[in-house]
Amino acid sequence: VTFLSQLPNRYRIWWWNLLQSDPLHVLVETLLIVACIALVVLQRRADWRFSQERKKGAPTDKDIEHLLKDWKDNGRKPLVSRKEGTITARSGRGESKYLEVGSGLVVDKIEGSRLFLDLELSKEKNNCKLPESVLNFATLDYIATSSSSILRKTALDALKHYGCGSCGPRGFYGTIDAHLEAEEAVSNFLGTEGAILYSDGASASTSTLAAFAKRGDLLIVDEGVNEALLTGINLSRANVRYFRHNDMKDLRRILEKVQQQDVSLKRKATDQRRFLVVEGMYRNWGTLAPLREIVALKEEFHYRLIVDDSHGIGTLGKSGRGSLEHAGLKPMVHCEILTFSLENALGSIGGMTVGSEEVVDHQRLSGAGYCFSASAPPFLSKVCVQSVKRLQG
């Protein structure tokens, strides 16, 4: 009891002696204590304001009762109107006719780029003659790779052997021999030193770009690139300049402007990493990039080239090696970083980036989609291997 009664006086004496011996220390501690108290008070006030705003926008008991009554009386509204749209059908004479169809179309199966209708069930809900199949504009499997009997057998056999998922990221316990086999097959097919497999097609280009471009770097980007590349550009936080879609004069203008700034700032071109970012075949435009001209400008102004060839691999070039082969160019020689999705012409899942060993190894620790996402299902990596073999003949 005596000790406790003397404790405040002892603390006061200790504090006074500390203030006299080291006033700066006391000032810093006092400011920290005040800052902690202020943060707690302000946070509680912010939480209170947020709760009040939520209460203002929340429905009242009367509103809830009205909504429940309306649901019980009327049920769910139809998802689409009775007249949903038109489809084109050919008559026996070969004439094209536009048929009005409602919301009762029943899809029996999907084979590549076509939807096959269940005619009996569809006729019950649509009083019109329907074609057996219609073109599916909601797919990127435009050459019907996924409907190949060879690929389906490969997937089924691998599914029986590996199971469905890999249950982990590649860097931990998610790497299976099928993944390594797919990387080796694609690397050999494209003639590069290595390849890295991502479990998602979009995250391949997003993670690849963000792995190499950082704050302070410079990206010269075609304004027509897809949203996966745009996401990678935002994540990189690099300096970005856009040139008009496939306009080489505008690209040269921007490159010359950067060069002039280097001279005025007495800055070397090697003081920052610089990349040109384009697509081989643009998804949103359907146009081909003038890669030979882009490569010439890249070499003239000393930039590195990143190409997203998701829609060129498997469709362009004499052997399906993509837009680079179509333009008479090669990965690593004319393009430092080549990334593409496996979900289009190859009928698989995921994406790949190919290049030198340094390009590939750097992403195994810096590619967010590689490090933090579960690896691709191994049976679909086997499908990728088989697709490459089909392209090789």
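Is Glu 183 buried or exposed? Glu 183 is buried, because its relative accessible area is 5%, and buried means under 20%. The model is a predicted one. A search of the whole structure finds 15 salt bridges. This briefing covers some of them, then turns to surface patches, a helix and some backbone angles.

**Salt bridges between distant parts of the chain**

- Side chains of opposite charge can pair when their charged atoms come close.
- Glu 183 pairs with Arg 364 in a salt bridge, and their closest N and O atoms are 3.4 Å apart.
- This pair links distant parts of the chain: Glu 183 sits in helix α6 (residues 177-190) and Arg 364 in helix α12, 181 residues apart.
- Arg 364 has 25% relative accessibility, so Arg 364 counts as partly exposed.
- Glu 183, its partner, is buried at 5%.
- Lys 298 and Glu 336 also meet through their side chains in a salt bridge, at 3.0 Å from N to O.
- Lys 298 belongs to helix α10, while Glu 336 belongs to the loop between α11 (323-326) and β11 (337-341), so this salt bridge ties together parts that are 38 residues apart in sequence.
- Lys 298 is buried, because its relative accessible area is 4%.
- Glu 336 is partly exposed, with 23% relative accessibility.
- Arg 244, Asp 247, Asp 250 and Arg 253 are joined into one network by salt bridges that share partners.

**A salt bridge within one helix**

- Lys 153 and Asp 157 form a salt bridge through their side chains, with 2.9 Å from N to O.
- Both residues lie in helix α5 (residues 149-162).
- They are four residues apart there, so about one helical turn separates them.
- Lys 153 is exposed, because its relative accessible area of 52% is over the 50% cut-off.
- Asp 157 is partly exposed, at 37%.

**Patches on the surface**

- Where does negative charge gather on the surface? One patch of negative charge is made by Glu 193, Glu 357, Glu 358 and Asp 361.
- Glu 358 is part of helix α12 (residues 357-366).
- Glu 358 counts as exposed, because its relative accessibility is 57%.
- A nonpolar patch also lies on the surface, formed by Leu 24, Leu 27, Val 28, Leu 31 and Leu 32.
- Together these five residues have about 500 Å² of accessible area.
- Leu 31 is located in helix α2 (residues 23-57).
- Leu 31 is exposed, with 54% relative accessible area.

**Helix α3 and the residue after it**

- How many residues does helix α3 have? Helix α3 (residues 61-74) has 14 residues.
- At 1.5 Å a residue, the helix should span 20 Å. Its end C-alpha atoms are 20 Å apart, so the expected span and the model agree.
- Helix α3 is hardly covered, as its count of buried residues is zero.
- Just after α3 comes Gly 75, which has a positive phi of about 75°.

**Positive phi outside glycine**

- Most residues other than glycine have a negative phi.
- Arg 237 is not a glycine, yet its phi is positive, at about 60°.
- Arg 237 sits in the loop between α8 (227-236) and β8 (239-243).
- Arg 237 counts as exposed, because its relative accessibility is 55%.
- His 302 is also a residue other than glycine with a positive phi, near 65°.
- The loop between α10 (291-301) and β10 (304-308) holds His 302.
- His 302 is exposed, with a relative accessible area of 62%.

**Far in sequence, 8.3 Å in space**

- Phe 212 and Gln 363 are 151 residues apart in sequence. In space, their C-alpha atoms are 8.3 Å apart.
- Phe 212 is in helix α7 (residues 201-212).
- Is Phe 212 buried or exposed? Phe 212 is buried, because its relative accessible area is 12%.

How values were computed: Residues numbered from 1 in each chain as written. Predicted model: local features only at pLDDT ≥ 70, side-chain atom pairs only at ≥ 80, totals over all residues. Heavy atoms only, no water. Patch = residues over 30% accessible without salt bridge, like charges linked within 9 Å, V, L, I, M, F, W, Y side chains within 5 Å. Areas by Shrake-Rupley, 256 points an atom, 1.4 Å probe, with all protein chains shown as cover. Salt bridge = Lys/Arg side-chain N within 4 Å of Asp/Glu carboxyl O. Lys, Arg positive; Asp, Glu negative; His and termini not counted. Charge placed at Lys NZ, Arg CZ, Asp CG, Glu CD. Helix = DSSP H or I, 4+ residues; strand = E, 2+ residues; numbered from the N terminus. Buried < 20%, exposed > 50% of the residue type's maximum accessible area, 1.4 Å probe, protein only. Expected span 1.5 Å × (residues − 1).
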